Amino acid sequence: MRSKRLKWQSRSRLQRSLVSLVLMLFILFFGNYAQAQDPPQYGTPYASVPDTRDITIYQVNIRAFSSGSNLPGVTARLDNIKALGTNVLYLMPVFPVGTDSRSKIASSTSPYSIKDFKAVGAEYGSLADLRALVDGAHSRGMAVILDWVVNQTSWDHPWITQHPDWYVRDGNGNIQQLANFQDVAALNMYNTNVRAAMIDAMRYWIFAANIDGFRCDFANNAPIAEFWTPVISNLRGITNRKLIMFAEGDRPTNFQAGFDLNFGDKWYYDALRPVIKDGASVSNIQNTTNTEYQYATGSQQVVRYTGNHDSNGDGTPLESNQLGSQAGVMAGFVVSAYMRGVPFVYNGQEVAFNTRIPWPWDGVNVNWSGNTAVTAEFTKVIGFRNTSTAIRRGTMTNYSDNDVCAFTKVSGTEKVVVLTNMRNSARNYIIPSALAGTYKDAYTGTTVTLTNGATRSLSAYQYLVLTNANVGTVAVTSVSVSPASETLTVNATRQLVATISPSNASNQNVSWTSSNTAVATVNVTGLVTAVGAGSAVITVTTQDGNKTATSTITVQSTGGGGITYYQIRNRWQSNTYLYDAGNGQVKYGTAANTAAYQWERRDIGGGFYVLKNRATGNLMHVENQNGSVQNTTADLTWWSAHWTLPSTGDGWFRIENRWKPEQKIHLENLLGYAQYSNAQNGWHSAMWQFVNPVIVP
């Protein structure tokens with residue numbers, strides 16, 4: 001040994017350096033290669049993993065699913081799961097859990113306190129049992145994803161002693177728990193060795209059990225650039241694999257890491273539950289959707305649940321602190337499944353199982369002999385989604401009011417209308433022109449006609465799903481226009497309304513033209529703008545049958561600079577008008593007989609207007625962003641005092657701010673003053689008419 005050492009020492013420094021470098025590279029390359037070697041591929045990679053937009057997820061809590069609390073118990077009910085219409089099976093953790101006193105702090109150790117990331121826990125069965133389950137799911141047309149725990153281990157995991165530097169430690173070197181979860185030790189998610197170990201273990205299950213992706217627990221905790229992006233990139237590099245990567249987190253930027261799916265915690269806690277349980281405005285649904293999808297691109301989706309293992313521990317979906325009733329659950333499920341996102345069923349929901357399964361999710365088994373009528377209802381809702389391209393992939397347009405979630409989904413020629421009463425009592429919904437037409441009930445095939453302006457009554461939590469598929473064409477027989485004549489002053493506008501007969505005609509599209517654009521112009525919605533003195537005939541023409549009707553517009557000069565003032569009337573609160581209260585606020589009232597109720601609608605170009613009060617000369621604006629519409633001596637250059645007036649297409653307008661384009665003037669909360677917010681387009685409280693013009697020289 002010594003002579004060899006001497007020989008080594010006698011070599012030149014350069015030689016020693018070169019040999020050291022080669023040896024280091026050899027160890028690094030081949031050592032890592034052996035460590036990261038994937039196991040042989042079990043089975044054939046599943047070729048029918050669904051497109052993200054087509055997924056319906058079924059969550060399995062293995063401990064509660066069957067009397068045996070094991071994987072064979074899940075395999076035995078695969079036919080039942082498939083019969084619901086689901087196509088992705090999500091298994092809660094299947095791994096061995098810690099057994100020491102710090103990890104096991106309840107009746108059982110939490111399934112999220114992992115002791116070995118590359119084994120099946122004995123309580124659940126064996127690797128052979130997991131493979132049998134995956135094979136059975138694949139043969140029935142379902143992909144399988146595993147619940148993956150990346151942020152923590154049990155306190156008796158081998159890494160605790162082998163690699164203490166892989167954990168989050170305090171200044172004294174003590175390993176810390178994860179957040180407020182005392183039963184698990186927090187891994188350092190910035191540590192590259194942790195990342196490599198996680199990649200190695202995740203790849204193991206793709207090869208060893210032929211699984212199709214992962215639901216990644218507490219995904220918000222791990223950093224995107226340092227952890228998730230390289231992890232997902234590595235997994236996607238596996239050839240002949242389409243993987244589902246599902247982030248259990250509501251961080252919108254998870255999409256930027258490459259996740260296909262994000263979890264709808266915001267959906268449930270900010271929208272669905274407040275709307276159904278607390279009576280919050282249905283506008284929360286669209287507002288939350290906008291937030292959830294702000295970083296989503298392509299086919300990326302949000303998973304929208306009405307219950308899962310976490311929420312179930314606090315109360316089943318049927319309890320009053322959650323959604324309150326089966327009817328409320330189904331109303332929420334229809335909106336979750338049809339509006340925008342991936343529907344999600346937690347085991348037992350399909351039989352209305354109403355027993356809590358609290359953390360650590362043991363001690364309770366689902367009673368599968370429950371409410372089979374509920375099973376049929378879930379199957380019906382999911383089944384139509386599976387057959388409708390419009391529902392799964394179509395463009396959504398929102399027509400909701402405060403109580404009814406109303407929207408259309410359109411793909412090509414297919415159109416689906418969804419009306420869902422989100423209240424536990426009957427509500428009326430006024431049909432907008434965009435929803436008018438004849439449809440088939442998606443579930444019964446019954447013919448249903450929606451008439452523009454008609455009132456549709458919906459019972460408590462009732463949902464109505466209508467489709468134009470397999471509906472015979474109803475031809476247009478005539479069209480009329482209102483008003484048939486109108487006298488305007490220069491720069492004034494008037495909304496013309498076309499009425500097609502019959503009201504259930506299949507093609508409701510029309511076009512508008514003016515006989516003299518030097519006198520009056522008309523846009524695609526029928527909004528007429530007076531240009532110069534004279535007369536013009538406005539013609540509406542139906543796309544189906546070229547039926548026509550006309551309105552004669554007479555334009556008068558203002559007589560040397562006269563100003564036209566209007567009263568601004570609300571649609572929801574009839575005979576209610578905006579006025580300058582004299583205290584800096586715009587309020588509303590019915591005694592519209594003073595100059596305080598009169599407003600100049602001044603065109604400042606570019607499609608923008610200022611609204612100037614006749615009594616005070618003040619301008620309407622939202623400069624102070626205090627929730628109420630203000631009226632003060634604003635500067636004409638303020639964008640907060642500039643407004644657009646988009647037409648609703650049926651004689652009304654929205655008043656939308658230039659500075660804050662999402663903000664519209666409305667009376668939704670009846671606070672005594674005019675409000676502004678991101679009101680939904682279908683709110684009648686946010687629709688206005690400029691009426692009773694008065695010309696003042």
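Asp51, Arg53, Asp54, Arg392 and Arg393 are joined in one network of salt bridges. The model is predicted, and a search through the whole of this structure returns 21 salt bridges. Three further pairs are worth following one at a time.

Asp38 and Arg203 form a salt bridge in which the closest N and O atoms are 2.6 Å apart. Asp38 sits in the loop between α2 (13–35) and β1 (57–60), while Arg203 belongs to helix α8 (residues 192–208), so the contact ties together parts that are 165 residues apart in sequence. Are the two partners buried or exposed? Asp38 has a relative accessibility of 18% and counts as buried, because the limit for that class is under 20%. Arg203, at 17%, also counts as buried.

Helix α8 takes part in a second link of this kind. The side chains of Asp200 and Lys118 meet in a salt bridge, with 3.0 Å from N to O. Asp200 lies in helix α8 and Lys118 in the loop between β2 (88–91) and α6 (127–139), so that distant parts of the chain, 82 residues apart, are linked. The two ends differ in burial class: Asp200 is buried, with a relative accessible area of 17%, whereas Lys118, at 34% relative accessibility, counts as partly exposed.

The third pair is Glu656 with Arg654, where the closest N and O atoms are 3.1 Å apart. Both Glu656 and Arg654 are buried.

Cysteines can be treated briefly. A disulfide is a covalent bond between the sulfur atoms of two cysteines. How many disulfides does the model contain? The count comes to 0 disulfides, since no pair of cysteine sulfur atoms lies within 2.5 Å. Two cysteines can still be placed by their burial: Cys216 is buried at 0% relative accessibility, and Cys405 is buried with a relative accessible area of 1%.

Next come the strands. Strands of a sheet pair through backbone hydrogen bonds, either parallel or antiparallel. Here 8 strands make a closed barrel with parallel pairing, in the order β1-β2-β3-β7-β8-β9-β10-β11. On average, neighbouring strands of this sheet are turned by 25° against each other, with direction ignored. One step of the barrel can be seen in detail between strand β9 (residues 261–263) and strand β10 (residues 301–305), which run parallel and are joined by 3 bridges. Within this pairing, Phe263 has Val303 in β10 as its bridge partner. Helix α6 packs on the sheet and touches β2 and β3 (143–148), its direction making about 140° with that of β3.

An antiparallel case is found further along the chain. Strand β20 (residues 478–482) pairs with strand β23 (residues 497–501) in the antiparallel sense, over 5 bridges. One of the residues involved is Val481, whose bridge partner in β23 is Ala498. Which side chains of β20 point to the buried face? Val479 and Val481 point to one face and are buried, while Ser478, Ser480 and Ser482 point to the other face and are not buried.

The overall layout can be described by domains. The domain assignment divides the protein chain into domain 1 (57–150 + 190–387), domain 2 (397–468), domain 3 (478–556) and domain 4 (563–696). The centres of domain 1 and domain 4, taken over C-alpha atoms, are separated by 47 Å.

Terms used
Residues are numbered from 1 along each chain as its sequence is written. This is a predicted model: local features need pLDDT of at least 70, side-chain atom pairs count only at pLDDT 80 or more; totals for chains, interfaces and linings use all residues. Side-chain values use heavy atoms; hydrogens and water are left out. Domain bounds come from an automatic or database domain assignment. A salt bridge is a side-chain nitrogen of Lys or Arg within 4 Å of a carboxyl oxygen of Asp or Glu. Helices (H or I, at least four residues) and strands (E, at least two) are DSSP runs, numbered from the N terminus. Buried means under 20% relative accessible area, exposed over 50%, partly exposed in between (1.4 Å probe, protein chains only). Two strands pair if DSSP finds at least two bridges between them. Axes are lines fitted to C-alpha atoms, for helices over the stretch in contact, and angles run from 0 to 180 degrees between N-to-C directions. Contact means heavy atoms within 4.5 Å.
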